[in-house]
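Reader: I should be grateful for a close look at a single part of this model, set out as one connected account. Please explain each technical term where it is used.

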2 protein chains.
Amino acid sequence: MPRLPGEFALIERYLAPLTTTAAGAFGLKNDAAVLELPPGERLVVTADSLVAGGHFLPDDPPETIGRKVLRVSLSDLAAMGARPHSYLLAASWPGDLEEAWIAAFCRGLAADQERFGLTLVGGDTTATSGPMTFSLTAFGAVKGSKVLDRASLRPGDDLYVSGTLGDAYLGLKVLRDGIAGLTAQAAGHLADRYRCPEPRLALGQAILEQELAASALDVSDGLAQDLGHLLAASAVGAEVELEAVPVSNAAEQALSLLGEPRQAVLSGGDDYELLFAATQNKRPLIDALSSRLTLPIARIGRVRAEAGLTVVDSERQAVPLESLGWTHF
Amino acid sequence: MPRLPGEFALIERYLAPLTTTAAGAFGLKNDAAVLELPPGERLVVTADSLVAGGHFLPDDPPETIGRKVLRVSLSDLAAMGARPHSYLLAASWPGDLEEAWIAAFCRGLAADQERFGLTLVGGDTTATSGPMTFSLTAFGAVKGSKVLDRASLRPGDDLYVSGTLGDAYLGLKVLRDGIAGLTAQAAGHLADRYRCPEPRLALGQAILEQELAASALDVSDGLAQDLGHLLAASAVGAEVELEAVPVSNAAEQALSLLGEPRQAVLSGGDDYELLFAATQNKRPLIDALSSRLTLPIARIGRVRAEAGLTVVDSERQAVPLESLGWTHF
């Protein structure tokens with residue numbers, strides 16, 4: 001097992017300062033932290049592991065790796081309509097990692113803690129002979145007894161997705177192999193979307209508070225696959241209109257250069273956009289919310305009783321999906 | 001990245017059944033879980049990562065690996081005086097792992113869930129090209145506002161440790177290289193102690209409830225090192241009597257065969273016994289507690305104002321410590 005000098009020094013120097021606002025973290029000197037929520041709130045918990053090579057590239061900037069590790073879990077909180085509260089970080093670092101790398105990684109965490117209003121409360125650091133691995137447990141809070149649950153879709157519900165799809169998987173292609181002919185601006189946009197997803201926290205909280213939808217999830221394994229799980233949980237199906245699926249200009253440019261069809265964005269991973277279903281009478285409220293948040297929210301199709309997911313083109317012809325999406329296995 | 005067939009099938013088959021008693025786990029179909037505690041209780045959280053080769057042996061029985069992954073975190077809850085509530089598991093498995101391995105691993109988790117009264121509420125599964133890695137976040141509950149904090153030792157306090165020290169690191173030697181001449185019974189005892197530590201939950205809860213001590217920790221990196229951190233947090237020192245340090249017959253036999261001095265047990269890792277400090281007037285209560293729990297609790301020394309840790313023999317001569325203990329780096 002390789003040896004990084006000073007596990008405890010690293011914790012004291014880089015991780016303990018990330019706990020400054022959390023009394024229950026005991027400066028990371030205790031075996032565990034104590035969490036307290038305001039009365040009437042409930043705790044939402046989620047854990048995600050990110051492995052170098054699978055969820056981020058080993059030569060990504062350490063700041064964005066830190067941010068992505070945090071944001072992937074924040075995206076899960078967003079899908080539950082929760083407000084970020086705190087988090088635990090378990091890091092498995094190669095023993096030959098440079099201290100400057102860890103410092104930069106923690107600067108990324110610090111910046112996002114500030115931005116999203118949460119604080120480190122504990123965790124663990126270990127050495128690994130394998131790829132760098134981070135497991136983050138994020139805590140969020142929801143008021144009252146409402147919760148966004150997945151098993152409540154009904155035929156006739158509209159399906160919505162925030163932002164744009166496909167940027168991240170195309171960004172990974174940019175970073176891995178490059179895309180010949182792509183403008184630098186488009187390449188930068190796509191790479192940023194891969195490295196630093198935007199958790200749709202305000203949207204998730206509004207969906208819960210305004211009771212716009214009973215079901216939401218964050219699209220992490222490709223829309224086709226994630227929507228498939230959502231539909232299965234409610235024993236329903238859906239029709240998605242390909243033309244309505246939101247795709248950025250940069251992604252359109254990249255798809256065209258790669259000769260990939262538009263439906264490829266339904267199978268890419270790492271979008272971290274929110275997908276949700278709402279009854280048709282919510283349309284004006286959802287349009288208003290989109291304006292207020294200055295966040296595009298596209299109505300991409302609707303739930304139907306017949307099982308299965310069908311994607312149709314502008315002439316309502318079924319479009320073949322080459323793959324049902326990204327899985328980690 | 002290697003591919004294990006059916007991430008979602010594995011979750012549904014082996015992990016979802018571990019959540020049966022937890023409504024807020026949504027059968028692992030949601031992005032996150034909702035935790036609820038009885039009114040007046042506070043949540044204690046702790047995260048630990050275990051890496052194959054570092055914290056368990058790749059060819060350990062999968063049942064005991066599952067149990068150890070859970071028990072290491074339960075030991076942290078014990079040190080906080082908390083009652084186990086639930087947990088999240090993030091597992092990074094090699095893609096060529098057999099399904100039977102995962103089934104056995106989950107049987108180990110199920111057995112310990114039953115025994116310790118907690119339930120899985122969520123997590124994540126990923127593939128890794130490196131060693132198998134588990135990150136477990138355990139949730140516990142404490143009543144009222146009391147908490148065991150580390151920075152409250154005072155000169156004159158007695159130091160106690162539960163059970164026996166050194167078994168686990170000697171068990172690792174048994175499993176890795178064998179110890180020539182050791183009886184099969186002793187070898188089995190030591191190996192079991194390495195593979196399946198016993199979280200001292202009843203002791204931790206009693207310490208908190210009876211206000212026997214303000215500080216406790218679980219000894220995971222060797223008593224010398226862990227005690228050193230505890231002393232530093234309170235800016236005090238301690239004297240430990242080597243003869244008072246509890247060592248099992250099996251460990252004594254192993255030390256003798258290896259030609260290692262008794263103080264080696266102060267630097268071994270993986271003990272997961274509780275170390276705590278108490279004022280001298282608590283001695284009768286602690287003796288009574290030891291009887292009630294049928295758990296040996298040894299008074300191994302005392303806190304003093306002078307900084308640093310001194311280990312003395314039966315003639316109060318200082319004993320050199322070869323190493324300050326195990327670190328993961």
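Author: The account below begins with the meeting of the two chains, follows the sheet found there, and then turns to a few single residues.

The model is predicted: local features are reported only at pLDDT of at least 70 and side-chain atom pairs only at pLDDT 80 or more, while totals for chains, interfaces and linings use all residues. Residues are numbered from 1 along each chain as its sequence is written, and chains are lettered from A and ligands numbered from 1 in the order in which they are written.

Chain A is superposed on chain B by a rotation of 180° with 0.0 Å of shift along the axis, at an RMSD of 0.0 Å; the fit is by least squares on the C-alpha atoms of residues with pLDDT of at least 70 in both copies. The two copies are thus related as by a two-fold rotation axis. In chain A, A:Gly130 has the C-alpha nearest this axis, 1.9 Å away. Both copies use the same surface, since 100% of the contact residues of chain A recur in chain B. Here, two residues are in contact if their C-beta atoms, placed from the backbone, lie within 7 Å.

By that criterion, 56 residues of chain A are in contact with 56 residues of chain B. Two or more residues on the side of chain A that touches chain B come from each of β1 (33–35), β2 (41–51), α2 (62–79), β3 (83–93), β4 (119–127), β5 (133–143) and β7 (215–219) of chain A. These elements are DSSP runs numbered from the N terminus, with helices being H or I over at least four residues and strands being E over at least two. β2(A) provides the largest share, nine residues. In character, the side of chain A that touches chain B has 26 nonpolar, 18 polar and 12 charged residues. In this division Ala, Val, Leu, Ile, Met, Phe, Trp, Tyr, Cys and Pro count as nonpolar, Asp, Glu, Lys and Arg as charged, and the others, Gly among them, as polar.

β2(A) also belongs to a sheet that includes a strand of chain B. This open sheet has five strands in the order β4(A)-β3(A)-β5(A)-β2(A)-β1(B), with mixed pairing; two strands pair if DSSP finds at least two bridges between them. β4 of chain A and β1 of chain B stand at the edges with a single partner strand each, so one side of each is left without a neighbour in the sheet. From one strand to the next, the twist averages 20°.

The partners of β2(A) can be followed through one residue. β2(A) pairs with β1 (residues 33–35) of chain B in the antiparallel sense over three bridges, and A:Leu43 stands opposite B:Leu35 there. β2(A) also pairs with β5(A), again antiparallel, over 11 bridges, and in β5(A) the bridge partner of A:Leu43 is A:Ala141. In a regular strand the side chains alternate between the two faces of the sheet. Helix α2(A) lies across β2, β3 and β5 of chain A and runs at about 140° to β2(A). Such angles run from 0 to 180 degrees between N-to-C directions, with axes as lines fitted to C-alpha atoms, for helices over the stretch in contact.

The largest nonpolar core has 205 residues, and those with the most contacts inside it are A:Tyr87, A:Leu190, A:Leu275, B:Tyr87, B:Leu190 and B:Leu275. Such a core is a set of buried Ala, Val, Leu, Ile, Met, Phe, Trp, Tyr and Cys residues joined through C-beta atoms within 7 Å. A residue is buried if 20 or more other C-beta atoms lie within 10 Å of its own, exposed if 12 or fewer, and partly exposed in between, with C-beta atoms placed from the backbone. Leaving aside neighbours within four places in sequence, the contacts of A:Tyr87 include A:Leu70, A:Ser73, A:Leu136 and A:Phe139.

A:Tyr194, in helix α5 (residues 184–195) of chain A, is buried, with 25 other C-beta atoms within 10 Å. Beyond its neighbours within four places in sequence, A:Tyr194 is in contact with A:Ala168, A:Gly171, A:Leu172, A:Leu175 and A:Asp270.

Two residues deserve a note on the backbone. Most residues other than glycine have a negative phi. A:Thr294, however, has a positive phi of about 45°; A:Thr294 lies in the loop between α9 (283–293) and β10 (297–304) of chain A and is exposed, with 6 other C-beta atoms within 10 Å. B:Arg316 has a positive phi of about 60°, lies in the segment after β11 (308–312) of chain B, and counts as exposed with 9 C-beta neighbours inside 10 Å.
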